[in-house]
Amino acid sequence: MTMGTVLALTGAALAVILAGMGSAYGVGVAGQAASGVVSEDPSKFAKVLIMQLLPGTQGIYGLLVGFIALSKIGLLSGNPAELSTQTGLMILAACLPIAIVGLVSGRHQGKTAVSAIGIIVKKPDQFGKAMLFPAMVETYAILALLVSILAVNGVPV
Amino acid sequence: MADKYIYAVARVRALEMSLFSQTTIEQLIAAKTYKESVQFLIEHGWGDSETDHTDADAILNVETEKTWAVIEEMVEDMSVFDVILLPDLFHNLKAAIKTIVAGEVNADIFYDNVAIDGKEMLEIVKNRDFKALPSYMQACAEEAYECMTHTGDGQMCDVIIDKGTLLAILEAADDAKDELLKAYAETTVAVADIKIAVRSLKTAKSMDFMRRAMAPCKTLNIDRLAKAALSGMEDIIKYLSETEYAGGAEALANSSSAFERWCDNRIIETIRPQKYNAFTVGPLVAYILARLNEIKTVRIILSGKLNGLPEEAIRERIREMYV
């Protein structure tokens, strides 16, 4: 296995690890808020559950980019390509947008979801509007996902 | 870490839904009799199955206990609420000293929701084991005990312990990280100083007495306040008009009860922004203060009903609600 393969693998790992950490934090804090609400008002379970799930997407995006990167370097098919250091670095760089943006946006989306859960408690009929606030954060995770996918696919192997 | 209050704040948001709004308070005022008012409270879930439904005091005490019980369920370290709990703790000390010196034990006069309950406090005072108390209580407990045993002067004993309470509140506020707690402590101490000045004026107390009773705070100059109290009510109002308690000065010009109402409303105004905060201990503090304010308002209404006051007279005395 070449240094290039190691670097590419590091990129895939970072995409999964950092984006997963962002989602874990986001889903965790939103889950704490959701539990607080449900302990007093179980009828709001479905609405707060949706809020809790919103920050979970970054982890999925990281996983997707990780899969694409692993597939690109042939690790999934069992025939790993002999990558130059330069190519490996390119794949690592291509994985970074979703890795970093996934971490940061997952955390922020979690906090926004916590605040939106506060709206649902007071005004359950405003669920749609409340969901829009954390959903806005998602935009930047999607942009990073797109760039990572395009970049990983664009690296010549 | 701010994250540790996320569960508690969300739960408190749900609990806030059952706080009385101004409309609910109006409905309570509109009840024709005292009995009807108590029934209104019971229908809104006040009291519990063991409470005597004719005993309004018991119902209100159960509500206070419920408030602290739910907070204790959610928060591991209750010391963050010291600024609010200290007056109850010092009350236990005051009650224990007077009980021991008088030689009569009455368990009903103590608060149980504090670090040292009545039974433990009685033991400490009985054995004069003041070192068992928190450091901020030791000196004032010893001084108050000596004063009570040697002079039997209950009023001076109260003054010593009340000042100890105010100083402990300020100390707790210095340690508190939350800005709301700091603001609440400052307002509590300043308002207590103003009340001391007014009371001293009415009972013709000396400058020395006021200096002994008042606690220095950032928003008031207690020397100027005490001097104003020696001159008359107009001078107190004039001095307060120059401070951030100018609104209180106007209320004080009307009556003491109007001033008390202004103080409580000011606290509600201070805590109102916590309705939009999701991450700190602030909303929990706000909920506790809102609940205590609600219970106080209900007590005022029930007392008005019991004494046959007209609705308008009761309405003048009620506090603003948090929700």
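This passage looks at a few helices of chain B and at some charged residues on its surface, in a model that is predicted.

Helix H1 of chain B, running over residues 6-16, is mostly covered, with ten of its eleven residues buried. The buried set takes in charged residues, B:Arg11, B:Arg13 and B:Glu16, alongside B:Ile6, B:Ala8, B:Val9, B:Ala10, B:Val12, B:Ala14 and B:Leu15. The cover comes from both chains: it includes helix H1 (3-40) and helix H4 (85-122) of chain A, together with H4 and H15 of chain B.

H4 and H15 turn up again around helix H3 of chain B. Here the buried residues are B:Ser37, B:Val38, B:Phe40, B:Leu41 and B:Ile42, and they pack against helix H2 (22-30), H4 and helix H15 (282-306) of chain B. Just past the end of H3(B), B:Gly45 adopts a positive phi of about 85°.

Further along sits B:Glu50, in the loop that links helix H3 (34-43) to helix H4 (56-74) of chain B. B:Glu50 counts as exposed because its relative accessibility is 76%, and exposed means over 50%. B:Glu50 also has company on the surface, where it gathers with B:Asp48, B:Glu65 and B:Asp112 in a patch of negative charge.

As for positive charge, B:Lys119 belongs to helix H6 of chain B, residues 118-126. With a relative accessibility of 70%, B:Lys119 counts as exposed too. Its C-alpha lies 8.8 Å from that of B:Ala96, and the two residues are 23 apart in sequence.

Technical notes
Residues are numbered from 1 along each chain as its sequence is written. Chains are lettered from A and ligands numbered from 1 in the order in which they are written. This is a predicted model: local features need pLDDT of at least 70, side-chain atom pairs count only at pLDDT 80 or more; totals for chains, interfaces and linings use all residues. Side-chain values use heavy atoms; hydrogens and water are left out. Patches are made of residues with over 30% relative accessible area and no salt bridge: like charges are joined within 9 Å, nonpolar side chains (Val, Leu, Ile, Met, Phe, Trp, Tyr) within 5 Å. Accessible areas come from the Shrake-Rupley method with a 1.4 Å probe; for residues, only the protein chains shown count as cover. A salt bridge is a side-chain nitrogen of Lys or Arg within 4 Å of a carboxyl oxygen of Asp or Glu. Lys and Arg count as positive and Asp and Glu as negative; His and the chain ends are not counted. The place of a charge is taken as NZ of Lys, CZ of Arg, CG of Asp or CD of Glu. Helices (H or I, at least four residues) and strands (E, at least two) are DSSP runs, numbered from the N terminus. Buried means under 20% relative accessible area, exposed over 50%, partly exposed in between (1.4 Å probe, protein chains only). Contact means heavy atoms within 4.5 Å.
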